[in-house]
Amino acid sequence: MQSDAHARFTSRRRSLRLLTPLLLAGPAMFSPRVASGQQPLLVPTPSQTEGPFYPKTLPADRDADLTQVAGRPVKALGTVLYFSGRVLARDGRILPGTIVELWQCDNYGRYHHAGDDGVPRDDNFQGYGVATTDAEGRYAFKTIRPVPYTGRPPHMHIRLRHANAPPLTTQLYIAGDVVGADGVLMASPRGTLAKLTMALAPAPGREAGALAGSYEFVLP
Ligand SMILES: [Fe+2]
């Protein structure tokens, strides 16, 4: 006949055997979304400060090609960058109709903004553009590879809005750039830079020297 202590030990081992597969599978197993048969939620793209240089007045030409200003025969200075990707919701749905705004400084490090009136500046750079995601949730811009300016590493500012998701404002950085003590990143949670870094590569079938980079945003 088993002692009470042995019976309790055997019962505990049986319970642990039943629980082990769940423990090894990680916390996602316990997500109520998974238990009900849905996909685990995606991690949203980290937000970053809007910064002081969102245009006070939007330019007349605000299309998705920032390298060419309507009515100006000369193209923007800088390395051409084809910047594209998708926008998703946290549940993995693609989000057609998302308004994606992009603004960044010109090749001299100047914004098209009343608060940044230094010279030289490149008036052939549009500085701001808007794209709307297509039926597959895709956006595409033609711009220039971002350059550094005083106190900041190269970065692009992006704001995304969709009717059925919270908005997102953030900044993207370029893989391989030297990012020193940056105030914006230092004020961000640890690991933010890695999540907001985009790799660039030569753009196939485009003009000589052009680069391409892709980034997938997940709205909060
Ligand atoms: Fe900036």
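This is a short dialogue on reading a predicted model, from its iron site to its core and one buried arginine.

Guide: In this predicted model, local features need pLDDT of at least 70 and side-chain atom pairs count only at pLDDT 80 or more, while totals for chains, interfaces and linings use all residues. Residues are numbered from 1 along each chain as its sequence is written, and side-chain values use heavy atoms, without hydrogens and water.

Visitor: Which residues coordinate the iron ion?

Guide: Donors are N, O and S atoms within 2.8 Å of the metal (3.2 Å for Na, K and Ca); water is not among the atoms, so sites may look incomplete. Here they are Y111 (OH), Y149 (OH), H155 (NE2) and H157 (NE2), at 1.9 to 2.3 Å. Their spacing along the chain is Y-x37-Y-x5-H-x1-H.

Visitor: Are H155 and H157 buried or exposed?

Guide: Buried means under 20% relative accessible area, exposed over 50%, partly exposed in between (1.4 Å probe, protein chains only). Both H155 and H157 are buried.

Visitor: Which residues touch the most other members of the largest nonpolar core?

Guide: A nonpolar core is a set of buried Ala, Val, Leu, Ile, Met, Phe, Trp, Tyr and Cys residues joined through side-chain atoms within 4.5 Å. In the largest, of 30 residues, they are F83, Y139, I158 and F217.

Visitor: Why does R159 count as buried?

Guide: Because its relative accessibility is 19%. What does its side chain meet? A polar contact is a pair of N or O atoms within 3.5 Å; within protein, one must be able to donate a hydrogen and the other to accept it, and residues adjacent in sequence count only if both atoms are side-chain atoms. The R159 side chain makes one with the side chain of E50 (3.2 Å) and another with that of E101 (2.8 Å).
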